[in-house]
Number of protein chains: 2
Amino acid sequence: MASIKDVAAEAGVSVATVSRVLNDHPSVSDDARTRVQAAVRTLGYRPNAVARSLRTDQTRTLGLVISDVMNPYFTELARSVEEAARALGYSVIIGNADERPELQDHHVRTLLDRRIDGLLVSPTDGGSPLMLEAARAGTPMVFVDRWIPGVDVPVVRADGRAAIRDLVAHLCGLGHRRVAIIAGPAATTTGSERVQAFREALAEYGVPLPDAYIGQGDFQAESGRRVTEGFLDLPEPPEVVFAADNLMALGALDAMRARGLRVPSDIALAAFDDIPWFVHTDPPVTAIAQPTGELGRAAVHALIDRIEGRPPQSVTLPARLVVRRSCGENPDQNPDQNPDQNREENREENRGKKQTPVQRSTS
Amino acid sequence: MASIKDVAAEAGVSVATVSRVLNDHPSVSDDARTRVQAAVRTLGYRPNAVARSLRTDQTRTLGLVISDVMNPYFTELARSVEEAARALGYSVIIGNADERPELQDHHVRTLLDRRIDGLLVSPTDGGSPLMLEAARAGTPMVFVDRWIPGVDVPVVRADGRAAIRDLVAHLCGLGHRRVAIIAGPAATTTGSERVQAFREALAEYGVPLPDAYIGQGDFQAESGRRVTEGFLDLPEPPEVVFAADNLMALGALDAMRARGLRVPSDIALAAFDDIPWFVHTDPPVTAIAQPTGELGRAAVHALIDRIEGRPPQSVTLPARLVVRRSCGENPDQNPDQNPDQNREENREENRGKKQTPVQRSTS
DNA sequence: CCTCCTCGTGGAATCGATTACACGACTTCG
DNA sequence: CGAAGTCGTGTAATCGATTCCACGAGGAGG
């Protein structure tokens, strides 16, 4: 591969001049500039980013460590992060932790070794020494979605409290009293917060949340299945299961189906995180939608502010309830109009560019 | 950040010795070794991968350029690629082309600038000059899923011919005669091959595939919706729609639902690419499953063989039909047992790490 | 006409590693 | 006892860029 020396030789100038042309430094004669450009073209020269990074001590690269790429929520987050970063001239390297702390550490270490300019993390656990140390050592860092309490790092996330309250109102309005939750790992903020918000909202309606109705999941489908089976084996099974993420909801649905239960008539289901497929599941699943694209963009901006020396800001955006049919039909609703219609449009608009006038069938 | 010089100073040796310890070169005294290790620990030293790459001219990094991360098929592919690469000591940088040739080019260029050791590509189009040039210039490269005819690069992919023939048999067995297909872009191999295989299989059953029943999609949900609406507006709409990927199937389902049609009684649906959600859609969707994990692993191995100087091999693995209910109930089926049950188990087993018999061809 | 800028340019140091080569201290053996 | 290895180590070149500094040519101003 041609190097800057070859270009310099071809153009009959020094490497310094070539470098100046490449970084369009003002003090280069027109003559030299054109000769260099011609040489670049004939040699098909491309600057070596590795060498450049070594010298300038910046890689124009962001690291993104997420808990699980296979989770559509994180996939979308990753996509929006990459998009926003690209618009600002940065690349993104994604590390998939698969909800495993040691894998998360592996990726953080690798990214740090590569001297990425900044790190976006959605921590799998309470924070490994490595990550804490990196934050303290001054690595530009921003938490997305989940965070680690007590660490001085900006956080970009959605607040689900209001939406969870709406969900509880919806459930209670439908007459449900025995509600259960499949929680995420207690070590994650989203894992514990969602349970707490749910419990508080239920308390407002005088509905208890007994320990037997709190199942411990790990944000993966399999745990949703396992926990749901536990619920169904209870002498008095719950009437509603609320899964703290979409994968555990998938697992819950599997478990219910395996028992031959009908949703929502036999048991109701709701999920945190909305995804396109929830429109088409049987039945369509009531879910809490996060403004994923916004979150990704805000996180990138916060991180790049930090990198470029501007004060970064934490951001909290509201999540919202999207009512579908998995918790039962709302009797108050005017039967003339499709109850889901409005909400659905809002949701789609929220999700991105694709406009989708989705209409519910009565199947 | 501490550099190798700092470590050398701390340990009272030269940088050469430190480097030798780091790369565990045999000729270092035990005394020096322990002193260096201690220094590394007290300074929290980590070698700078950028500097190392510049010197050794290898990054131990693979680039993966895929057509659309939001497509669960590619997400899973990306995941398995990263996993396999990590096991062999390589990192992966993912570039998402979003089915846009210019974005694909952007990523290929960026990855090449970073001097990745090899490139895994699922081309969005017929191949940009940039990519062709890179392949010709000797950049280690392997195509996954899709490929570019006439380019001398190993290909790792699934062959859907047999599964498509099984699908056609299934459809004809159910009495369907008017079948339509939502094709992918003709510029992609998967786009054109699937149509051709479908046409050929139908011909064996004496069923024609008129032009009006071939819709042009772009592998995105929106196009599936648009094409399906076109089909439904036909004076004689098809009885079956076969979508060439899972996202277009989602769009098709949207369109059918919007018209108030029942699946499969009013119209049947099948898809290429199986995903976990198809089990839970209404109705569960009959699909052709690719051995995604295997594909990712095989691709990484082929690429690393190429990088490390061993002869790389093209690999073709079989895809398989997973029958669910979206094309209608099979009348031959014994009504006592759930027809979906058995097949479902097969599918799950297929999706996991279990290895499928590999069929190889030399490219 | 001489001095002082400005401008374009090149030489060389530098970033943080790896590694060829040289060298001194020891061991081994004729 | 001297020649020939062997072993551990250090010096310095190198990878491909960026950038400080010096320098010569030419223009402006006194």
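Biologist: Which atom of A:Ile4 is 2.3 Å from a phosphate oxygen of DNA strand D?
Modeller: In this predicted model, a polar backbone atom of A:Ile4 is 2.3 Å from a phosphate oxygen of DNA strand D.

Biologist: And what does A:Arg55 reach on DNA strand D, a base or the backbone?
Modeller: A base: a polar side-chain atom of A:Arg55 lies 2.4 Å from a base oxygen of DNA strand D, whereas B:Thr17 has a polar side-chain atom 2.8 Å from a phosphate oxygen of that strand.

Biologist: Which elements give two or more residues to that surface?
Modeller: Chain A does so through helix H1 (4-11), helix H2 (15-22) and helix H4 (49-56), and chain B through helix H2 (15-22) and helix H4 (49-56); the largest share, five residues, comes from H4(A).

Biologist: How many residues surround DNA strand D altogether?
Modeller: There are 26, and the closest are A:Ile4, A:Ser19, A:Asn48, A:Arg55 and B:Ser29; by type, the residues of this surface divide into 11 nonpolar, nine polar and six charged.

Biologist: What part of the strand's atoms within 4 Å of the protein is sugar or phosphate?
Modeller: Of those atoms, 56% belong to sugar or phosphate, and the rest belong to bases.

Biologist: Changing topic, what rotation superposes chain A on chain B?
Modeller: A rotation of 180° with 0.1 Å of shift along its axis does so, with an RMSD of 0.1 Å, and the two copies are therefore related as by a two-fold rotation axis. The same surface serves both copies, since 88% of the contact residues of chain A recur in chain B.

Biologist: Which residue of chain A comes closest to the axis?
Modeller: That is A:Thr281, whose C-alpha comes to 1.9 Å from the rotation axis.

Definitions and conventions. Residues numbered from 1 in each chain as written. Chains lettered and ligands numbered in written order. Predicted model: local features only at pLDDT ≥ 70, side-chain atom pairs only at ≥ 80, totals over all residues. Heavy atoms only, no water. Least-squares fit on C-alpha atoms with pLDDT ≥ 70 in both. Contact = heavy atoms within 4.5 Å. Near = heavy atom within 4 Å. Polar contact = N/O pair within 3.5 Å; in protein donor to acceptor, adjacent residues only side chain to side chain. Helix = DSSP H or I, 4+ residues; strand = E, 2+ residues; numbered from the N terminus. Nonpolar A, V, L, I, M, F, W, Y, C, P; charged D, E, K, R; others polar.
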